[in-house]
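Trainee: Could you take me through this structure step by step?
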Amino acid sequence: LDTQAVLDQIRDEVRPLLSRGRVADYIPALEAVPADRFGIAVATVEGATWASGDAREPFSIQSVSKLFTLTLALRDVGERLWRRVGREPSGNPFNSLVQLEYEHGIPRNPFINAGAHVVVDALMAHRPDPLAVLIEFVRALAGNPAIAYDERVAASERDTGFRNRALANFLKAEGNLRHAVDAVLDVYFHQCAIAMSCADLARAALFLANGGRAADGARVVSAGRAKRINALMQTCGTYDAAGDIAFRIGIPAKSGVGGGIVGVVPGRLAICAWSPGLDRAGNSLAGVRALELFTARTGLSVF
Ligand code: GLU
């Protein structure tokens, strides 16, 4: 299999889609990203990497970051985390308030916003400086010490984060946040504002394909925990489209409104595609198509 040729062909094939998605416009910093960008990168458990298109251009990873905070919180808190956050797909928008109310402040899963707030709160109980821990963790996973928070994006998130503030206040009222709402949200807004490239993200997610071991061989989580994080990605990782994504792509995936989508083929590889134009569910239009083409062309899938 000529992986480079597959990636180059996918890059050419998705080009007509680049003008058809809608770039996230809830903050100016995201709206300004050119819609014609497309990158794709693969990192294998054997240590090989491939990339095509704008695969080295950093973008706002947004909700893909929920993967990293969840991993850190599970390491610190362990299975007790599941007393405070569920493991079922929500079937509702990622920032829905309604479900949280009738389920008494226990978010459906760690990948919707309220779930991510609880994960941050759990992390804060064990880490005096969660932002430093998080960025160091991501840098080490990706093997790139230059990865950083985009403070401009973080500030915009904060200035427009009324719905996140509502969710966090509701969690607090229900007794499912221990720390101050603003302190939790500061971490959350920063995690969304991490800037990484496709190449960085493919390498950073490799531990999920590699039985819990990072690209450099270091143990990140146990094999069992990697399996569980993958299961959550498969069922809850792509907003309300997880069923359709499983059907079309057939591997666990986590997306963000910055247009990034990370996929994992257990035992084989991690892949990241990026294109800022989103579909109606909030997933990258060309990114989803790229992963769909990749699993179809290579025959790699969990099904
Ligand atoms: N940062 C945004 C929010 O929390 C979007 C995160 C995402 O879904 O990618 O509302």
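**Overall build and one helix**

Mentor: The secondary structure of the protein comes to 14 helices and ten strands, where helices (H or I, at least four residues) and strands (E, at least two) are DSSP runs numbered from the N terminus. This is a predicted model, in which local features need pLDDT of at least 70 and side-chain atom pairs count only at pLDDT 80 or more, while totals for chains, interfaces and linings use all residues. Residues are numbered from 1 along each chain as its sequence is written, and side-chain values use heavy atoms, with hydrogens and water left out.

Trainee: What radius of gyration does the protein have?

Mentor: The radius is taken over C-alpha atoms, and the globule rule is 2.2 Å times the number of residues to the power 0.38. For 303 residues a compact globule would come near 19 Å, and this agrees with the protein's value of 18 Å.

Trainee: What percentage of the residues in the protein is buried?

Mentor: Buried means under 20% relative accessible area, exposed over 50%, and partly exposed in between, with a 1.4 Å probe and protein chains only. Of the 303 residues in the protein, the buried share is 58%.

Trainee: How many of the twelve residues of α9 are buried?

Mentor: Helix α9 covers residues 181–192 and reaches 16 Å from its first C-alpha to its last. Its buried residues include Val-181, Leu-185, Phe-189 and Cys-192. The helix is largely enclosed by the rest of the structure, because the number of its twelve residues that are buried is nine.

Note on methods: The expected span of a helix is 1.5 Å times one less than its number of residues.
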